[in-house]
Amino acid sequence: MFRKVLIANRGEIAVRVIRACRELGIRTAAVFSEADRQSMHVRMADEAFCIGPAPPADSYLNIPNIMSTAELLGVDAIHPGYGFLSENPHFSEICQDVKITFVGPSPEAIAAMGNKSQARERMRGAGVPVIPGSDGPVRSENEALDISKHIGFPLIVKASAGGGGRGMRLVHTREDLRRAIQTAQSEAEAAFGNNEIYIEKYVEEPRHIEVQILADKHGNTIYLGARDCSIQRRHQKLLEETPPPGLRDRFIRVLGKAAAKAAHAINYTGAGTVEFLVDRDGHYYFMEMNTRIQVEHPITEMVTGIDIVKAQLHAAAGERLNVNQGDVETRGHAIECRINAEDPRYDFRPAPGRLAQFIPPGGPGIRVDTHAYAGYTIPPHYDSLVAKLIAWGTNRAEAIARMRRALQEFEIAGVPTTIPFHLMVLDNAFFRRGEVYTNFVQRRIDLSALQHAAG
Ligand code: MV4
């Protein structure tokens, strides 16, 4: 196992990785920006080094500064967390070149999933169901028209370099297609420096179901159940749960096998997530693969008892998986609510500031992953996540009841938060029946009532 790991991240995920390292007896090196001197990960790590000014490009994305710190401190591995450099194939490659282990997949595996059109082709080739659409990138308007004759409308034009909802365009009619192709290409060029696009049939009111996988460097890949991440707003996930309500165990096993097949096809190693769209008829389609640890990983840990961050470190160190698929059992139900410093009165806009009060909940079945404390100031330069509140119960009803109780216990003063929003979701009759889909918030939550409650 590693002797010392550098954590190239900040916030709650840096804290989470430090905890896993501690349990494994690994020394930890934190890096921080000038805006993060007071951050919890700086205090918790064995060593901490300032790597630059507040803007991410100058610090958490500054590869030369991070690599020279890694060399200086003599670490044998770097954990990238999520966001920042976590899905940068170039960074994974630089680590390889200087013989520091990147705690994540190979540059090739990251790149294979980074180009969404290429990922789609790889998955189709591996026998993983993909949404009907183009075979690879679409080069011309005429090619697009041809495809539309096969798949019909509505369809969706996506940027190969996009993902996570960026660079997508919905097209309803043949008449709109030519212009949509042109606009999508020029927008993709401007946003990603790559104008490549592809086409898919538009799946209406899908659920977003994702599968956590783990793979070692000896060819073993397992899946750890599925998460429902349908409750989101403008592609920002707000609440996730596992198992996905209403899906049969048998169906989840089918998704799990498809996810493991997807990962295996690109020689994936470490922890990863395969995202599927599931339509109302129960058809499932590969959408994207996230080649990093994800924000919502704790709910999977709660129902499987597997520490996914420790598993990442074991896999990166070249150890064999110490569990077989048959050993993986899920127990009960878990929900995560993302507590963000956002103001619902102004369209959920980020509202960083000083936490005048911060008293997290506790008690049976509750886990809080956070880097915040009373008196801490959330800097304006990064995401607005204050804490992840995770509730476990023997069944969904108990998990919901515990989450409600914990949200009510949570005391945060000084900044507005998403707590009132989550209470509203948990009390919603459709949510309680497990009727969730990607436009749930838009369709079922009256944000104006929330504005009143928060104001
Ligand atoms: C889709 C889709 C419907 N049909 N693709 C959004 C995020 C990105 N990963 C892909 N996304 C979608 N792709 C086809 N062919 C609907 C979405 C989508 C969505 C997906 C998951 C979670 C929330 C979403 C919200 C709006 C649209």
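Domain bounds, as I shall use them today, come from an automatic or database domain assignment. With that settled, good morning, colleagues. The structure before you is a predicted model, and I shall take you through its domains, its ligand site, its empty spaces and some details of its backbone.

Let me begin with the overall division. The protein chain is split into domain 1, residues 4–103, domain 2, residues 132–201, and domain 3, residues 207–454. Taken over C-alpha atoms, the centres of domain 1 and domain 2 are 37 Å apart.

I turn now to the ligand. Which domains contribute to the shell around it? Domain 2 and domain 3 each give at least three residues to that shell. There are 18 residues around the ligand, and those that come nearest are Lys158, Glu200, Lys201, Val203 and Glu288. Sorted by class, the shell holds seven nonpolar, six polar and five charged residues.

Three of the contacts deserve a closer look. Lys158 places a polar side-chain atom 2.9 Å from a nitrogen atom of the ligand. Glu200 likewise has a polar side-chain atom beside a ligand nitrogen, at 3.0 Å. In Lys201 the atom concerned belongs to the backbone: an N or O atom there lies 2.7 Å from a nitrogen atom of the ligand. How much of the ligand does the protein cover? On its own, the ligand has 520 Å² of accessible area, and the protein covers 91% of that. As for the elements involved, two or more residues of the shell come from each of β6 (155–163), β8 (197–201), β12 (270–278) and β13 (284–290).

Next, the empty spaces, starting with a pocket. The second largest pocket contains about 390 Å³ of space. Its lining comprises 18 residues, of which Gly225, Asp249, Ile252, Arg253 and Thr330 are the closest to the centre. At least two lining residues are supplied by each of β10 (221–233) and α9 (249–265). The largest share, four residues, belongs to β10. By class, this lining consists of 10 nonpolar, five polar and three charged residues.

From the pocket we move to the cavities. How many cavities of 30 Å³ or more are there? The count comes to three. The largest cavity has a volume of about 50 Å³, and 13 residues line it. The closest of these to the cavity centre are Pro80, Val103, Arg292, Ile293 and Gln312. Six of the lining residues are nonpolar, six are polar and one is charged. Domain 1 and domain 3 each provide at least three residues of this lining. To set the two sites side by side, the ligand shell draws on domain 2 and domain 3, whereas the lining of the largest cavity draws on domain 1 and domain 3.

Finally, I should like to point out some features of the backbone. The peptide bond from Phe153 to Pro154 is cis, and its omega is near -5°. Pro154 sits in the loop between α7 (141–151) and β6, and β6 is one of the strands already named for the ligand shell. A cis peptide bond also joins Thr242 to Pro243, again with omega near -5°. Here the proline, Pro243, belongs to the loop between β11 (236–242) and α9. That helix, α9, is one we met in the lining of the second largest pocket.

One further residue completes the list. Where is Arg234 found? Arg234 lies in the loop between β10 and β11. Its phi is near 50°, a positive value in a residue other than glycine. The strand before that loop, β10, gives four residues to the lining of the second largest pocket.

Thank you for your attention.

Conventions. Residues are numbered from 1 along each chain as its sequence is written. This is a predicted model: local features need pLDDT of at least 70, side-chain atom pairs count only at pLDDT 80 or more; totals for chains, interfaces and linings use all residues. Side-chain values use heavy atoms; hydrogens and water are left out. A residue is near a molecule or strand if one of its heavy atoms lies within 4 Å of it. A polar contact is a pair of N or O atoms within 3.5 Å; within protein, one must be able to donate a hydrogen and the other to accept it, and residues adjacent in sequence count only if both atoms are side-chain atoms. Accessible areas come from the Shrake-Rupley method with a 1.4 Å probe; for residues, only the protein chains shown count as cover. Ala, Val, Leu, Ile, Met, Phe, Trp, Tyr, Cys and Pro count as nonpolar, Asp, Glu, Lys and Arg as charged, and the others, Gly among them, as polar. On a 1 Å grid over the protein atoms alone, a cavity is a set of points where a 1.4 Å probe fits but cannot get out, and a pocket is an open set with protein on both sides within 12 Å along at least five of seven lines; lining residues have an atom within 4 Å of a point. Grid points are joined across faces, edges and corners, and a volume is the space filled by probe spheres set on the points.
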